[in-house]
Amino acid sequence: MKWKDILLQKFADTSYYRLDCEKLSEEVSCFKLKRNNDQLEIETSYFIGLDYIGRDLPLLVEPKFSYGSEDYSIDFYKILFESLPYIKTNEIISDLYYVNFDAATIEIEQKDDFLTPILVIQYLNLLRKICLNGLQKGYYKVEENLSGKVKGKILIKETLKNNHLKADYSKTFCNYQEFGFNTEENQFLKYALQFCMNYLNRFKQLDLFQNLESTVGIIRSSMQKVDLNNTFGKPVLVRKNLLYPSYEEAIKLANMILKRTAFNITNTTKNKVKTFPYWINMSKLFELHVVRLLRKSYPQGVHFQKEFGGRIPDIVLNTENFKAVIDVKYKDYSSKPLEIEDIRQVAAYSKMKGIFKELKLDKDRILDAIVIYPKVGSQNNIIDDSTFQSRFELTDYYNIFKLEVDIPIINKTN
C-alpha cells in the first residue's frame with residue numbers, strides 16, 4: 001500500500017493532524033497534515049527525526065533544504081563535526097535534539113538513524129575537551145588481595161574463600177579507598193567510548209568519521225589511566241560538579257548513547273536498529289554553523305546565547321571593526337523578503353539597553369541588525385569584515401540587513 005493510501009485510511013475521520021515537539025519548540029510543529037477528501041497537504045518545518053503519528057504509524061523526516069525549485073540533502077554531520085570545537089563549554093546546546101525514552105522504539109535501517117552519529121560526534125568532542133583539560137580525580141573503592149598487610153576493611157568471606165580454604169594465610173582480601181582517576185564516572189565514560197568506537201568502525205566509510213582519528217587518539221591516550229569496566233548495565237547518576245562542569249553533559253550523553261543500544265554493544269553493528277523517537281533541530285544546528293564561520297574570523301567578541309534583560313539574541317558581535325546583533329534563520333531568504341516577525345525580532349534586539357551597554361555604545365548610536373540565512377552554493381563560506389560589506393540592506397528599513405552564507409550539502413534530491 002502506498003504511503004498516501006495509508007495516511008488517507010489512517011486519518012479517514014480527521015481533516016487536520018498536528019505533531020508537536022514542545023521540548024524543542026512551543027511555536028513550530030514537527031509535522032502537519034491537512035486532508036480534504038482524497039487530497040493531502042503535508043507540511044514539515046526545520047525539524048528532522050523519527051516519531052509516531054496517530055499513535056502507531058512511524059514517520060521519518062529527512063534533512064532536506066529547499067532552495068528555489070530544488071531540494072537538497074543537508075550534510076548535518078559535517079556541520080556538527082566542524083562546529084562543535086567552536087562552541088564553548090558554558091554554551092548550552094541541549095535543545096539541539098530531543099529523545100523520547102518513554103515511547104516505544106521504532107525499527108529502522110541503520111543508515112536512516114540520524115541521531116546516533118550526532119550523539120557520537122558530540123560525545124567525542126566533549127570527551128576530547130575533558131581529556132585536554134585533565135580528567136577529574138576522586139575517591140573510589142578498591143578490592144584487592146593483599147599479601148602480608150591489611151588496608152581498609154577486611155573482607156572476611158572473600159579472604160576465607162580465596163585464601164584460607166587454600167591454606168594461604170599470608171594474604172587478606174581488603175576493601176579500601178584510593179584517590180585518583182579510576183573513578184566510577186571515568187570508567188563509565190570509557191565504557192561509553194567503547195560503544196562509540198564500535199559504531200565508528202561499523203561506519204568508517206563515511207568521510208566525516210575519517211577526520212576523528214586525532215580526537216580519538218587524544219581520548220585513548222588520556223583514558224589509559226582508567227580501567228575498562230564492562231559491568232555497567234544501567235544509566236549512571238549525573239552529579240553536578242562546579243570544578244568539572246563538562247562532566248555533567250558528558251555523563252548525560254553517555255547515558256543516552258548506551259540507552260539507545262540497550263547497553264548491548266552488539267546493537268551498534270546491526271543493519272537494522274530499534275531506536276526511540278527523536279527530533280533534531282536543524283535551525284539550531286545552522287546557528288552552530290554560523291557561530292563557527294564567525295569565530296574562525298573573530299576568535300574573540302562573538303557572544304552566542306548571551307542573555308540581556310531576559311532576552312537571548314542568537315549572536316551579538318563585538319569586535320574592534322564591527323558591532324552588530326545577529327539573528328540566524330534557517331529559511332530560504334535568497335529570493336524573497338524577510339518575514340515581518342523576523343524583522344521585528346532583530347530590530348528589537350538592536351535597541352536593547354543591555355546590548356548597548358555590552359558593546360559600550362552611546363544611546364544615540366545606530367546598531368546594525370543582521371539576519372543571516374543559508375544559501376546553497378553561496379560564496380560566503382566564511383564571515384569576516386569583507387563578507388559584511390556584501391550584506392543587503394532592506395528596502396523599507398534603515399540598518400536592518402540580510403546576509404547569505406553557504407551551507408554544506410550531500411547532494412541534490414529528486
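This section describes strand pairing, salt bridges and a surface patch in a predicted model.

Strand 17 comprises residues 323–328, and 5 of its 6 residues are buried. Strand 17 has pairing partners that include strand 16, residues 315–318, with which it is antiparallel over 4 bridges. Within this pairing, valine 316 is placed opposite valine 325 of strand 17. The connection from strand 16 to strand 17 is a hairpin of 4 residues. Strand 17 is also joined to strand 18, residues 368–374, in this case in the parallel sense and through 5 bridges. Here alanine 324 has aspartate 368 of strand 18 as its bridge partner. In a regular strand, side chains point alternately to the two faces of the sheet.

Helix 8 spans residues 282–297 and contains glutamate 287. The relative accessibility of glutamate 287 is 10%, and the residue therefore counts as buried, the limit for that class being under 20%. When residues up to four places away in sequence are set aside, the contacts of glutamate 287 are Phe304, Asp314 and Val328. Of these, Val328 falls within the residue range of strand 17.

Side chains of opposite charge can pair when their charged atoms come close. The model holds 18 salt bridges. One of the pairs involves arginine 295 and glutamate 91, with an N to O distance of 2.7 Å. This pair connects distant parts of the chain, 204 residues apart: arginine 295 belongs to helix 8, whereas glutamate 91 lies in the loop between helix 2 and strand 8 (97–99). Both partners are classed as buried, arginine 295 at 7% relative accessibility and glutamate 91 with a relative accessible area of 9%.

A salt bridge within a helix is formed by lysine 78 and glutamate 82, whose closest N and O atoms are 2.8 Å apart. The two residues are 4 positions apart in helix 2 (residues 76–83), so about one helical turn separates them. Lysine 78 is partly exposed at 32% relative accessibility, and glutamate 82 is likewise partly exposed, at 25%.

A further salt bridge joins aspartate 342 to lysine 331, with 2.9 Å between the closest N and O atoms. Aspartate 342 is located in helix 9 (residues 340–349) and lysine 331 in the loop between strand 17 and helix 9, so the pair ties together parts 11 residues apart in sequence. Aspartate 342 has a relative accessible area of 6% and is buried, whereas lysine 331 is partly exposed at 24% relative accessibility. These two residues belong to a network of salt bridges that also links Asp327, Lys329 and Glu339. Asp327 is within the span of strand 17, and Asp342 within helix 9.

On the surface, a nonpolar patch is formed by Val150, Ile154, Ile156 and Leu160, which together have about 370 Å² of accessible area. Isoleucine 154 of this patch is located in strand 11, residues 153–154. With a relative accessible area of 42%, isoleucine 154 is partly exposed. Patch membership requires over 30% relative accessible area, so the value of 42% for isoleucine 154 meets that cut-off.

How values were computed:
Residues are numbered from 1 along each chain as its sequence is written. This is a predicted model: local features need pLDDT of at least 70, side-chain atom pairs count only at pLDDT 80 or more; totals for chains, interfaces and linings use all residues. Side-chain values use heavy atoms; hydrogens and water are left out. Patches are made of residues with over 30% relative accessible area and no salt bridge: like charges are joined within 9 Å, nonpolar side chains (Val, Leu, Ile, Met, Phe, Trp, Tyr) within 5 Å. Accessible areas come from the Shrake-Rupley method with a 1.4 Å probe; for residues, only the protein chains shown count as cover. A salt bridge is a side-chain nitrogen of Lys or Arg within 4 Å of a carboxyl oxygen of Asp or Glu. Buried means under 20% relative accessible area, exposed over 50%, partly exposed in between (1.4 Å probe, protein chains only). Two strands pair if DSSP finds at least two bridges between them. Contact means heavy atoms within 4.5 Å.
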